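This report describes a protein chain from its overall make-up down to single side chains. The sequence and the structure come first.

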Amino acid sequence: MKEWWVQVGLLGVPLLAVYLHIPPPQPSPALRSWRASGTFFTYKDRNIFYRDSSGAVGSSDVVILLHGFPTSSYDWSKIWEGLTQRFHRVIALDFLGFGFSDKPRPHRYSIFEQANVVEGLTRHLGLQHHRINLLAHDYGDTVAQELLHRYEHNKTGSILINSLCLSNGALSKLPFFPGLEQFLGPTHNPRRRNSGTCGRQCGTTTGISSWTGSVLQYINQRKKHRDRWVGALVSTSVPLHLIYGPLDPVNPHPEFLQLYKKVLPMSTVSVLDDHISHYPQLEDPTGFLNSYLNFINSF
């Protein structure tokens, strides 16, 4: 009788071969519509998808939305219309390697590069001298922290930040427990299968390898640059807010919230209903939107 691991190997090889040839899932009609409503700009020969909507008449306020891992700008779809009723312009992008943006591989994705992409988008849109409100989630929280550091240190090309709102993201010194969903992708969550985001983001198993490697890199980057990114939050005078879904397995309650308030006592906080988890803007769009607008209208 062959060793068990030989038998497993003999069975696994053909299964893997079949899996590698499975075509990627097709985007849902809603996601195709999202893509059609956006466009692309070029950052260092890479195509970056973004959506830019004009909204409230009489307002000059601009908000840029920074999505999390492993998803895309589509995460903001349920609050998009509500934001356009308050802001003159509502802008979201797919980070490099995510959503409809290019996914170079092999490639060492970094938070610094993603911040460069956001700065490139503001230049492309002619907003480099305009004060920007940043609304971020998860991975986007860390990109926002890097943008905040650059702003606070008057770095050339930095975004002029008017306010910063974070949501359900690990902040370097705070507890962080990557959930299974973050490695498998959102389509493994029954609540999110209709979004189709992982299908577009991952594309093939090679794509899955790319973004799995990406998350490992940004977790390591958070540790390495802890003082830089948490320091930016601690020292800033920019209005700061957190919207938090307390059922989050990635940033568990109450430890996450307790430490957040200890490290950032000047930040205001909105805690959503007990059943809201890691994707609050999708799970409770009304509560999320109201919390954000209350923050924006408070200063």
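A residue is called buried at under 20% relative accessible area, exposed at over 50%, and partly exposed in between (1.4 Å probe, protein chains only). The model is a predicted one, in which local features need pLDDT of at least 70 and side-chain atom pairs count only at pLDDT 80 or more, while totals for chains, interfaces and linings use all residues. Residues are numbered from 1 along each chain as its sequence is written, and side-chain values use heavy atoms, with hydrogens and water left out.

**Overall make-up**

The protein chain contains twelve helices and eight strands; these are DSSP runs numbered from the N terminus, helices being H or I over at least four residues and strands E over at least two. Of the 299 residues in the protein chain, 54% are buried. The protein chain exposes about 13,600 Å², of which carbon and sulfur atoms supply 55%; the areas come from the Shrake-Rupley method with a 1.4 Å probe, and for residues only the protein chains shown count as cover. Among contacts (heavy atoms within 4.5 Å) in the protein chain with a separation of 6 or more, 80% are between residues 24 or more positions apart.

**Salt bridges**

A salt bridge is a side-chain nitrogen of Lys or Arg within 4 Å of a carboxyl oxygen of Asp or Glu. The count is five by this rule. The table gives three of the pairs with their N to O distances.

| Acidic residue | Basic residue | N to O distance |
|---|---|---|
| D52 | R89 | 2.5 Å |
| E119 | R150 | 3.0 Å |
| E146 | R228 | 2.7 Å |

The side chains of D52 and R89 meet in a salt bridge. D52 belongs to strand β2 (residues 46-54) and R89 to strand β4 (residues 89-93), so this pair ties together parts that are 37 residues apart in sequence. D52 is partly exposed, at 29% relative accessible area, whereas R89 is buried, at 17%.

E119 and R150 form a salt bridge as well. Here E119 lies in helix α4 (residues 111-124) and R150 in helix α5 (residues 139-152), so parts 31 residues apart in sequence are tied together. Both E119 and R150 are buried.

Helix α5 also supplies E146, whose side chain meets that of R228 in a salt bridge. This pair links distant parts of the chain, with E146 in α5 and R228 in helix α9 (residues 226-235), 82 residues apart. E146 is buried, with a relative accessible area of 0%, while R228 is partly exposed at 30%. A network of salt bridges links E119, E146, R150 and R228.

**Helix packing around α5**

Two packed helices are described by the angle between their axes and the distance between the axes. The axes here are lines fitted to C-alpha atoms, for helices over the stretch in contact, with angles from 0 to 180 degrees between N-to-C directions. Angles under 35 degrees count as roughly parallel, over 145 as roughly antiparallel, 65 to 115 as roughly perpendicular and the rest as oblique.

The axes of α4 and α5 come within 9 Å and cross at roughly 70 degrees. These two helices are therefore roughly perpendicular to each other. I111, F112, Q114, A115, N116, V118 and E119 of α4 meet residues of α5 that include Y139, E146 and R150.

How do α5 and α9 cross? Their axes come within 8 Å, at an angle of roughly 70 degrees. The pair α5 and α9 is therefore also roughly perpendicular. On the α5 side the contact is made by T142, Q145, E146, L148 and H149, and on the α9 side by R228, W229, V230, A232 and L233. H149 is buried at 10% relative accessibility. Not counting residues up to four places away in sequence, H149 touches R228 and A232.

**Helix α10 and its cover**

Which residues of helix α10 (residues 255-263) are buried? They are F256, L257 and Y260. These residues cover an arc of only 90 degrees around the axis (taken from the directions from the helix axis to the C-beta atoms), which puts them on the same side of α10. The face turned away from that buried side carries the exposed residues Q258 and K262. The cover over the buried residues of α10 includes β6 (160-167), β7 (240-244) and β8 (268-271).
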